[in-house]
Amino acid sequence: MIDQIIEFNKTFVAQKGYEKYITDKYPDKKLAVLSCMDTRLTELLPAALGLKNGDAKIIKNAGGLVISAFDSAMRSLIVAIYELGVQEIMVVAHSHCGACHMSYDHFHHEMIARGVKDETLDTIRKCGIDLNQWLEGFKDTPTSVRKTVETIKTHPLVPKDIVVRGFIIDSETGALEEIK
């Protein structure tokens with residue numbers, strides 16, 4: 001698949017397919033969106049929000065979560081605020097998310113089946129990584145959105161004038177529901 005993508009890319013560049021996407025690094029709407037990496041949202045999310053290339057910084061991860069105050073999602077948001085001029089943040093979870101009810105127990109079984117040794121997992125634990133917490137999903141989407149919004153709002157490096165709001169988008173229709 002990657003080789004096919006590379007071949008496509010050569011044609012894309014040769015035909016100047018990139019020209020309609022040219023913009024700079026600063027989001028025109030001064031907006032960052034933290035959302036899930038779910039493939040159903042690849043085109044639906046920006047379309048449903050009315051965003052075009054260059055309008056917003058879109059940060060995606062499994063579940064659209066900030067799982068700790070200093071994880072990569074939070075780092076990206078801090079950079080977006082201080083380096084790129086972001087003034088508003090939307091946390092956008094979605095219906096029927098695979099991260100809902102995700103658990104380390106499931107991953108542990110899959111990891112062992114794919115050749116990861118229990119000794120490796122023990123070493124990771126001894127290094128201070130709680131795999132149960134790190135690979136834990138959430139049980140309730142609205143509660144998860146509220147928790148992520150609160151983590152961002154109360155982060156010691158997020159200025160108080162930054163607007164942070166949470167939503168759930170319907171994975172099929174794109175309808176937004178604000179979570180308060």
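In this predicted model, the count of aromatic pairs comes to one. To see it, select Phe8 and Phe12: their ring centres lie 6.3 Å apart and their planes meet at 25°, so the pair is stacked. Both residues belong to helix H1, which spans residues 2-14, and they are four residues apart, about one turn of the helix. Colouring by accessibility separates the two rings. Phe8 counts as exposed because its relative accessibility is 58%, whereas Phe12, at 26%, counts as partly exposed.

Next, display the whole chain as a cartoon. The protein has seven helices and five strands, and from the N terminus on its elements run α-β-α-β-α-β-α-α-α-α-β-β. Along the principal axes, the C-alpha atoms fill a box of roughly 50 × 45 × 35 Å. Of the 180 residues, 36% are buried. If contacts are drawn between residues at least 6 apart in sequence, 73% of them join residues at least 24 apart. With the surface switched on, the protein exposes about 11500 Å², and carbon and sulfur atoms supply 55% of that area.

Now hide the surface and turn to the interior. In the largest nonpolar core, which has 22 residues, select Val66, Met74, Leu77, Ile89, Val145, Ile152 and Val158; these touch the most other members. At least two residues of this core come from each of strand E1 (31-36), helix H3 (72-82), strand E3 (88-94), helix H7 (141-153) and strand E4 (163-169). Helix H3 provides the largest share, six residues.

Centre the view on Ile89 and show its surroundings. Apart from its neighbours within four places in sequence, Ile89 is in contact with Leu31, Ala32, Leu77, Ile81, Ile152, Ile162, Val163, Val164 and Arg165. A second, separate core holds 18 residues, including Leu31, Met90, Val92 and Met102.

Helix H2, residues 41-49, is the next selection. Its buried residues are Leu41, Leu45, Pro46 and Leu49. They lie on the same side of H2, because they cover an arc of only 110° around the axis. Rotate the view to the other side of H2, where Glu43 and Ala47 are exposed. The buried residues of H2 pack against E1, strand E2 (56-61), E3, E4 and strand E5 (176-179). Gly50 follows H2 and has a positive phi, near 70°.

The cysteines come next. How many disulfides does the count come to? The count is zero. A disulfide is a covalent bond between the sulfur atoms of two cysteines, and the cut-off applied here places those atoms within 2.5 Å. Select Cys36 and Cys97: the sulfur in Cys97 is the closest cysteine sulfur to that of Cys36, yet the separation is 3.9 Å, too far for a bond. Then add Cys100, whose closest cysteine sulfur is also in Cys97, at 7.0 Å, again too far for a bond. Cys36 counts as buried because its relative accessibility is 5%. Cys100 is buried as well, with a relative accessible area of 18%.

For the last stop, select Thr143, which is found in helix H7. At 43% relative accessibility, Thr143 counts as partly exposed. Add Ile179 and draw a distance between the two C-alpha atoms: Thr143 and Ile179 are 36 residues apart along the chain, and these atoms are separated by 8.7 Å.

Technical notes:
Residues are numbered from 1 along each chain as its sequence is written. This is a predicted model: local features need pLDDT of at least 70, side-chain atom pairs count only at pLDDT 80 or more; totals for chains, interfaces and linings use all residues. Side-chain values use heavy atoms; hydrogens and water are left out. Rings of Phe, Tyr and Trp (its six-membered ring) pair if their centres lie within 6.5 Å; planes under 30 degrees apart count as stacked, over 60 as edge-to-face and the rest as tilted. Buried means under 20% relative accessible area, exposed over 50%, partly exposed in between (1.4 Å probe, protein chains only). A nonpolar core is a set of buried Ala, Val, Leu, Ile, Met, Phe, Trp, Tyr and Cys residues joined through side-chain atoms within 4.5 Å. Contact means heavy atoms within 4.5 Å. The arc is that of the directions from the helix axis to the C-beta atoms. Accessible areas come from the Shrake-Rupley method with a 1.4 Å probe; for residues, only the protein chains shown count as cover.
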